[in-house]
Amino acid sequence: MKIIIYYFSGTGNTKLVSELYKKNFENLGENSVELYKIHRLEENEKIPCPNDFDLIGIAFPIYGFNSPEPIYKFAKMLPKISQDSQNPKEKKHAFIFRTGGEGTSFNNYASQKIISLLQKKGYDILCDQLYVMPYNMIFRHSPQMVKSEFIYADAMAKLCVREIQNGVHKKVKYFPLRYWFVPIVRMVWPYAKFQGKFILKVNKKKCVQCGACVKNCPQRNIRFDEKKQKYIFGADCALCVACSFNCPKDAISLGPLNGWRINGSYQIQKTAADEKIEFPYFGENLKGLERFLYYKHFRKCDAALREAGIELK
């Protein structure tokens, strides 16, 4: 089976989970997987056509209980699928997965705008899975959290790939009346443009002009002005914070969001491989806010993995 996963990723979490999907699909044999990073397209730049693949995946991080605006714009670009046949095997199947810094049910609504759009275009959505990965804003996850998050992500990706391969439909339960505020929080989309144009700043005393911010921006929203010897931010910001997170000198300010800013890679796979770090973390020891944010999600993962006979490694 020929598969493509279209993913949007700022600080790398969604890219990493996409790589886990690729590994698990290819481990099943007779599958080839292409990963395509969604970015702002240049003039005449084309995307790989989903009609050239048997199965497509859409992957993105959750920003304020919503998908990033670039992923929605990308979904709008995908062609409609002709469904002349009623044979399910001849339908264009798609799957979705999301990455977020917490496991609460509030994140279940994040894909609904994307799912509705794809279904109108004729895509048959098989599943929509949440993966808890380290925050790139709000607070820094501990090494113990990071290790557990990656190990669970690897195991759940294996389970989800197995179900997708078998054509299992697995829908996320959500209650629109409970999440009435999510469309309102989508105001982060226009705010991101304002933030990119008027708020993002570079501390010239810290900056070494390495160009990491330009290289890591998926929206191609940052350029270096040689004459003025300064970085220029445009209005295509998605608020992915790839620029500030990956800055080696912690030189980029996020304005009013600066108090939530996190700088520096988690080195997730290296951390997960460190035998000195405690595992598992998200157990009965959780208290207060951590218990609210993570306990129920990981117990659901435990139950699903146990039923499928998949061990955490």
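## Loops, salt bridges and packing in a predicted model

Arg220 sits in the loop between α7 (212-216) and β7 (222-225). Keep in mind that this is a predicted model. Arg220 is not a glycine, yet its phi is positive, at about 50°. With a relative accessibility of 35%, Arg220 counts as partly exposed, since the partly exposed class runs between the 20% and 50% limits. Arg220 also belongs to a network of salt bridges, together with Glu42 and Glu45.

Val241 makes a good companion case. Val241 has a positive phi too, about 55°, and is not a glycine either. The loop that holds Val241 runs between β8 and α8. Val241 is buried, with a relative accessible area of 5%, and the limit for that label is under 20%.

There's one more backbone detail to look at. The peptide bond going from Phe279 to Pro280 is cis, and its omega is near -5°. Pro280 is part of the loop between α9 (268-272) and α10 (288-308).

### Salt bridges

How many salt bridges does a search of the whole structure find? The count is 12. Three pairs among them are set out here.

| Pair | N to O distance | Where the residues lie |
|---|---|---|
| Glu26 and Lys22 | 2.9 Å | both in helix α1 (residues 13-27) |
| Lys23 and Asp154 | 2.8 Å | helix α1 and helix α4 (residues 143-165) |
| Arg40 and Asp236 | 3.4 Å | β2 (32-37) to β3 (55-61) loop and β8 (230-233) to α8 (242-245) loop |

The pair Glu26 and Lys22 stays within one helix: the two residues are four apart, about one turn of α1. Glu26 is partly exposed at a relative accessible area of 33%, and Lys22 gets that label at 25%.

The side chains of Lys23 and Asp154 also meet in a salt bridge. Lys23 is in α1 and Asp154 in α4, so this pair ties together parts that are 131 residues apart in sequence. Lys23 is partly exposed, its relative accessible area being 35%.

Then there's Arg40, which forms a salt bridge with Asp236. Here both residues are in loops, and the pair ties together parts 196 residues apart in sequence. Arg40 is partly exposed at 28%, and so is Asp236 at 30%.

### Two helices side by side

Two packed helices are described by the angle between their axes and the distance between the axes. For helix α2 (residues 69-77) and helix α3 (residues 112-120), the axes come within 10 Å and cross at roughly 5°. Are α2 and α3 roughly parallel or antiparallel? They are roughly parallel to each other, because angles under 35 degrees fall in that class. On the α2 side, the contact is made by Ile71, Tyr72, Ala75 and Lys76, and on the α3 side by Lys113, Ile114, Leu117 and Leu118. Sorted by class, the contact has six nonpolar residues, two charged ones and no polar ones.

### The nonpolar cores

In soluble globular proteins, nonpolar side chains tend to be buried together. In this model, the largest nonpolar core has 50 residues. Which of them touch the most other members? They are Tyr6, Ile58, Leu78, Ile96, Ile114, Leu118 and Tyr123. Take Ile58: leaving out residues up to four places away in sequence, Ile58 touches Tyr6, Ile71, Leu78, Phe95, Ile96, Phe97 and Leu118. Another core lies apart from this one and has 47 residues, including Val17, Ile262, Leu286 and Phe298.

### Neighbours in α6

Helix α6 (residues 188-199) contains Gln195. Is Gln195 buried or exposed? Gln195 counts as buried, at 0% relative accessibility. Not counting neighbours within four places in sequence, the contacts of Gln195 are with Leu200, Leu239, Leu254 and Leu257.

Phe194 is also found in α6. Phe194 counts as partly exposed, with 43% relative accessibility. The C-alpha atoms of Phe194 and Cys237 are separated by 8.1 Å, and the two residues are 43 apart along the chain.

Notes: Residues numbered from 1 in each chain as written. Predicted model: local features only at pLDDT ≥ 70, side-chain atom pairs only at ≥ 80, totals over all residues. Heavy atoms only, no water. Salt bridge = Lys/Arg side-chain N within 4 Å of Asp/Glu carboxyl O. Buried < 20%, exposed > 50% of the residue type's maximum accessible area, 1.4 Å probe, protein only. Contact = heavy atoms within 4.5 Å. Axes fitted to C-alpha atoms, helices over the stretch in contact; angles between N-to-C directions. Parallel < 35°, antiparallel > 145°, perpendicular 65-115°, else oblique. Nonpolar A, V, L, I, M, F, W, Y, C, P; charged D, E, K, R; others polar. Core = buried A, V, L, I, M, F, W, Y, C linked by side-chain atoms within 4.5 Å.
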